[in-house]
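Please open the model in a viewer and keep the selection tool at hand. The tour below proceeds by selections, each followed by what is found there.

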Amino acid sequence: MAGGGDLKLLGVWTSPYVIRVRVALNLKSLPYEYVEENLGSKSALLLASNPVHKTVPVLLHGGRPVNESQVILQYIDEVYASNGPSVLPADPYERAAARFWAAYVDDKVGAAWQGMLFTCRTEEERAAAVARAVAALQTLEGALEECSKGKAFFGGDAIGFVDVVLGGYLGWFGAVDKMIGRRVIDPAKTPLLARWEERFRAAEAAKGVVPDDADKMLEFLPTLLALSAPKSK
């Protein structure tokens, strides 16, 4: 839900880290102002708000910046505990498990995503990155079965912390599917995750936020590659 209020989010529409924050804000039904950043010419506000990493997302709450997507998700959940569903479980053990699997997503799936799109120089390297992503997703298939207890999401009946973190990558997964000619979340190998993806994409909080146009994502990819390319000295 974009709009006014004292929340402002600095982001880039393709970023999985920005997408997850937008989904969480929507889950909480929190109005916020969304500001699309040009990473080739970063705004003074972004540079001042995140002087350490100079990256998105940045959530400004009453003018005060909160950085790093998983930190932002937990901040939103704590500050707006009375708004909408909780993103993190109430039970301390389940909350710790959710944090563990969210970290796993970024450590394994996120690293493979970076490889598939930004660091691979050959088709062989890309195939190896895809294989790493598939292996991580197979592990997450088991985590989904355990955490969901047979329900729709990692968070149970409702979208939770791990769902939001993993769901941020779905737009790029669709683009990679088109690049390699097969599904990264393969219904034959990870049927629970394949059904989870359908439910997540269909959720109101994800609509209009999780990209569903693979061609548009791929058209934007050269811009990101140019920004990530090492600069000659």
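Two residues are in contact when heavy atoms lie within 4.5 Å. This is a predicted model, in which local features need pLDDT of at least 70 and side-chain atom pairs count only at pLDDT 80 or more, while totals for chains, interfaces and linings use all residues. Residues are numbered from 1 along each chain as its sequence is written, and side-chain values use heavy atoms, with hydrogens and water left out.

**First selection: proline 57**

Select proline 57, in the loop between helix H2 (44–49) and strand E3. Helices (H or I, at least four residues) and strands (E, at least two) are DSSP runs, numbered from the N terminus. Is proline 57 buried or exposed? The residue is buried, because its relative accessible area is 3%; buried means under 20% relative accessible area, exposed over 50%, and partly exposed in between (1.4 Å probe, protein chains only). Leaving aside neighbours within four places in sequence, display the residues in contact with proline 57, among them Leu9, Leu10, Tyr17, Val18, Val21 and Ile72. Next, add phenylalanine 200, which is 143 residues from proline 57 in sequence and 21 Å from it in space, C-alpha to C-alpha.

**Second selection: the sheet**

Now select the four strands that form an open sheet, in the order E2-E1-E3-E4 and with mixed pairing. Two strands pair if DSSP finds at least two bridges between them. E2 and strand E4 (64–67) stand at the edges, each with a single partner strand, so one side of each has no neighbour in the sheet. On average, neighbouring strands of this sheet are turned by 25 degrees against each other, direction ignored. Axes here are lines fitted to C-alpha atoms, for helices over the stretch in contact, and angles run from 0 to 180 degrees between N-to-C directions.

Move to strand E1 (residues 7–11), where four of the five residues are buried. E1 runs antiparallel to strand E3 (residues 58–61), and four bridges join the two; on this side, lysine 8 stands opposite leucine 60. Leucine 60 also stands opposite proline 65 in E4, and E3 and E4 are paired in the antiparallel sense over four bridges.

Which strand pairs with E1 in the parallel sense? That partner is strand E2 (residues 33–36), again over four bridges, and glutamate 36 in E2 is the bridge partner of glycine 11. From E1 the chain passes through helix H1 (residues 16–27) to E2 in a right-handed β-α-β crossover. A crossover is right-handed if, with the strands pointing away from the viewer, the path from the first strand over the helix to the second runs clockwise. With H1 selected, note that this helix lies across E1, E2 and E3 and runs at about 155 degrees to E1.

**Third selection: helix H5**

Select residues 123–148, which make up helix H5. Its 26 residues reach 36 Å from first C-alpha to last, close to the 38 Å expected at 1.5 Å a residue; the expected span is 1.5 Å times one less than the number of residues. Colour the buried residues of H5, including Arg126, Val130, Leu137, Leu140, Glu141 and Leu144. What do the buried residues of H5 pack against? They pack against helix H4 (92–119), helix H6 (161–167), helix H7 (170–180) and helix H8 (191–202).

Just after H5 comes lysine 149, whose phi is positive, near 55 degrees.

**Fourth selection: salt bridges**

A salt bridge is a side-chain nitrogen of Lys or Arg within 4 Å of a carboxyl oxygen of Asp or Glu; by this rule the count comes to eleven. Begin with lysine 149 and glutamate 94, whose side chains meet at 3.6 Å, N to O. This pair links distant parts of the chain, with glutamate 94 in helix H4 and lysine 149 in the loop between H5 and H6, 55 residues apart. Glutamate 94 is partly exposed at 37% relative accessibility, whereas lysine 149 is exposed at 58%.

Then select arginine 201 and glutamate 197, which form a salt bridge at 3.1 Å, N to O. Both lie in helix H8, four residues apart, about one turn of the helix. Arginine 201 is partly exposed at 26%, and glutamate 197 is buried at 10%. Finally, add Asp177 and Arg183, which are linked with Glu197 and Arg201 in a network of salt bridges.
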